[in-house]
Amino acid sequence: MAETRLQLLGPVQLFDGDQPVPIGGPGVRGLLALLALTPGKVVGLDEIIDALWGHNPPATARTIVHGNVSHLRRILREIEGPSILTTPPGYRLEVEPDRIDVHRARMLLDQASVAIPEVAAALLAEALALWQGPALGGVPDSLRAPELEDLRRAVHGARVDADLDLGRHAELIAELSPIVRADPLAERTAGQLMRALYHAGRRGDALELYRTVSRATLRTLGVEPGAEVRWLHERVLKDDLPPLSRESDGSGPSQLPAAVPSLAGRAEELAWLDGLVTRAEAGETTIAVVTGTAGVGKSTLVVWWAHRVAPRFPDGVLFASLRGFDPHHPPLEPAELLTQFLLGLGVETAKIPELLHERIALYRSLIAERRMLVLLDDARTAEQVRPLLPPSARTMTVVTSRSRLDGLAVSNAAKQRVLGTLAPDDAVRLIEELAGPAGHNHTLARLCGYLPLALRIAGARLSASPQRTAEELVGELGNERTRLAGLQVDGADDGVRAAFDVSFRGLPGEIAETFLQLGAVPGVMVGPHLMAAVAQIPVPEARRRLRALAAHNLIAETARDVFVPHDLVWLYLRELAEQELGEKERDEALGWTVRYYQAVADRARRRLGRVADPLDFGGVLADEAMPPLAGFAEARDWFAAEWPNLLAVLDAAYAAGRYDDVWRLARLGHTYRVACPLLDEWTRMADLGVAAAEAAGDVAGQCWLRLARCEIALVFELPGFGLADAERAAELSAGLADERLATSADLHLGRALSRLGRHEQAIGRLAKAVAEAGDVTLRGQALSSCAQAEKRAGRLPEAIEHQLAGLRIDRDLGDDDRVVGSLDKLAELSLRAGDHAAAERYVREAIDLAISREFVAREGALRLTLGRVLRARGDIDGAREQLALSVRIYERVHPKLVGEVRAELAELP
């Protein structure tokens, strides 16, 4: 089978083996590029929209993205390529990184960094050959990835360095001279050309090149060239510029701790750090902050990378652990750290100044103009770091911390990188490095949340006990209540729980309180509105606190106002809440969570359409305490994003015995699933609702949730079509004085009977619902259902009459979605009755309305109806056009129906 490849370094292109596969226009190419830039990681829907349209996305942006995802999925399935998975809040591309040219280039750069010059030069030449033109060609202009140009420069610069080591000076002079003539401000390239000229015996040309670069920087930027080029100039003037590989005499400090033998994954992060080295070599002041949650592997990454690039810092490497989050020791003071560094730089103990500012001055004077790497590991605050920052632009500083240290970005222009968990395959590789391959390692990696600390503990436990199998450890970690205990080793401070505990104990009081309350909230994510309800604080304050937790890397803001803890942090939160919150506090948090979802779900469902049941939670929360949800699309998107949380809240409330809350919330969620059907989750929710209503002894609740189950059976054409639930609801409602409920029961019972072919009984029951409906919404639904029953019974005139009556109600209510549905049904009825002109009139009106309201899925069905009408009228070309439009729409929004429409299209003469 041919291997699928993705090209981003040039025109964005998909290849099946060596054959290009057409994928579509700029929007589709841009979407594929976004997903391929971070394979295996979720790209949020909002991030996709921002990238593809900038600040002016169309109103249909979400629909377009959903459609383009479906289009790409179809193409990838046809070539048996990688998969695009829906993972809230967006999508992720499951593909091996080496099938994407960007990641292959990074891998080659990584391999070259530890290879001998001959091998390195070949690897880097191969990497450069991957560029087939400007990166990300053919995508929208708003989509930018400047890191790809940084990567190209890093690859090119590293290849030139390898050639310099190999003495290929003449070739380099020919290659680099036109580049520097075109851009004399490209200082790294200019410096490399100076080296080539000098070592080729052209010292005068090297000095003249410096003068050219100096004039250009003074004229353009108003400053002298960077420190690296000035240093080269001094060495050329003194005629003592050593070859690149022998610049260091080995006398500089080398304080790095031991690194792990190999590093699993982290190609993107290594490329980012390498790119910063390139900037430092060009004379830019470079400070990098690598941040992330406890146990994510910040120190491991930075130390491993530092060993690899140490030769590029000929004056040495300084390293210090700042003990910012050490459970046994307070953070080190800058004075202690400076003492360590000064000793490393050769200062005798007796000559180290007593006063802090004098130590800082001596430290800075000693490293000025040196090309060094300074690693500051496990910092707690920006204030702890600032005195240790070198003054030289030739020295690069890398800081690791569990906190984001935003202050360094503000005051010192530090570049930040948040380190995430490992990709699944990299996580498995880490376990296998310690314990060898096993069939359950993928499951084990998932249970570890792909967190490097947890993965290393799991691997260590397997390797330490040969009799223990991966299957046994999977069984132990599969229980959420004991998982953290299973990720513990002999030292009490070496487990995952201990690492998280250090982070929690260091939080400020009110932030720690919010973190604790978060542990009592069911679900997989939280937003400021929910947190405000639980903590009983204003929404802006809740947002501030959540972002403070994100700054401490205990949760991540994956999209605006969407905060998600790591899987293991969630388990830690649950344990913490049980240990440190009383039962009353936990119950109050659950109660406010339930009330929040009842209030917002009720608001959202009313944006989706008319509501039949009497539930009303309009007064539970103030307007400003809820998301705005201006219209249908916003309400639908809210339900889609919050659905996992809704199910978790239902489960937690049921377990707590809040049965009345459960059936009411289940009924609220039912309205969303009517608009956006999904069998398994809809069924689970309705079943739980029925069980809760029965446990609460609430007869009305039992009726409403049984009717929900009947609706599921009707929508998905399940055996029995929900007749048993409809009959039981009708029976129960007869003992209640609730006219609306009785009408709803008759309505569902009539529809079920109709679908089972019991037409006379169905029409009788539906006619009763029409006659007795006091609620105009229910009367409209009953009229439409009665028309469908009469259609199945062959009573077309009566069906058209009832459907017209239903249409009038839909128009009066201003319910455009139901108006479109009624017009479509009238078109079908008229077509059956032979009134083709009326059928075309109805369906064209429906199409115009569907387009104006962006009812994309509805438009696909309407185009199909219009195609059938035109075929009946003898307009075969028109029918073919409409069916083709239906196919294109269904490919984006309803792929399962595409085959049926294509079959009709193929039948046309």
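Two strands count as paired if DSSP finds at least two bridges between them. I keep that at hand for the first entry, and I note that this is a predicted model.

**Entry 1: the sheet with β5 and β6**

I looked up β5 and strand β6 (residues 90-94) and found five bridges joining them, with the strands running antiparallel. One of the bridges sets Thr 86 against Tyr 91 in β6. Zooming out, I see an open sheet of three strands in the order β4-β6-β5, with antiparallel pairing. Which strands stand at the edges? They are β4 (43-44) and β5 (83-87); each has a single partner strand, so one side of each is left without a neighbour in the sheet. I then checked what packs here: helix α3 (residues 61-78) lies across β5 and β6, and runs at about 145° to β5.

**Entry 2: the N-terminal strands**

Next I went to strand β1 (residues 4-7) and strand β2 (residues 13-16), which pair in the antiparallel sense over four bridges. Arg 5 has Phe 15 of β2 as its bridge partner. The hairpin of β1 and β2 has five residues between the strands, and Gly 10 takes a positive phi near 140° there.

I followed β2 onward to strand β3 (residues 19-21): three bridges join the two, again in an antiparallel run. Phe 15 turns up once more, this time with Pro 20 in β3 as its bridge partner. In the hairpin of β2 and β3 I count two residues between the strands, and Gly 17 has a positive phi near 70°.

**Entry 3: the cores**

How many residues does the largest nonpolar core have? I find 158, and the residues with the most contacts inside this core are Trp 305, Leu 373 and Phe 515. Helix α27 (residues 583-608) gives the most to this core, with ten residues.

I picked Leu 373 for a closer look. Leaving aside its neighbours within four places in sequence, Leu 373 touches a list of residues that includes Trp 305, Ala 306, Val 309, Phe 313, Met 396 and Val 398. There is also a second, separate core of 55 residues, and among its members are Leu 6, Ala 61, Leu 76 and Ile 79.

**Entry 4: the aromatic rings**

I turned to the rings and found eleven aromatic pairs in the structure. One of them is Phe 639 with Tyr 672, a stacked pair at 4.8 Å centre to centre with 10° between the planes. This pair links distant parts of the chain: Phe 639 is in helix α28 (residues 632-655) and Tyr 672 in helix α29 (residues 659-675), 33 residues apart.

Are these two rings' residues buried or exposed? Phe 639 has 0% relative accessibility, so I log Phe 639 as buried. Tyr 672 has 5%, so Tyr 672 is buried too.

Both belong to a cluster that ring pairs build from Tyr 596, Tyr 597, Trp 638, Phe 639, Trp 643 and Tyr 672. Trp 643 also has a charge above its ring: the charged end of Arg 673 sits 4.3 Å from the ring centre. I jotted down another arginine as well, Arg 595, which lies over the face of Trp 592 at 4.3 Å from the ring centre.

**Entry 5: helix α32**

Last, I listed the buried residues of helix α32 (residues 723-733): Leu 723, Asp 725, Ala 726, Ala 729, Ala 730, Leu 732 and Ser 733. What covers them? The cover includes α31 (699-715) and α33 (739-755).

Technical notes
Residues numbered from 1 in each chain as written. Predicted model: local features only at pLDDT ≥ 70, side-chain atom pairs only at ≥ 80, totals over all residues. Heavy atoms only, no water. Phe/Tyr/Trp six-rings, centres within 6.5 Å; stacked < 30°, edge-to-face > 60°. Buried < 20%, exposed > 50% of the residue type's maximum accessible area, 1.4 Å probe, protein only. Lys NZ or Arg CZ within 6 Å of the ring centre and 35° of its normal. Core = buried A, V, L, I, M, F, W, Y, C linked by side-chain atoms within 4.5 Å. Contact = heavy atoms within 4.5 Å. Axes fitted to C-alpha atoms, helices over the stretch in contact; angles between N-to-C directions.
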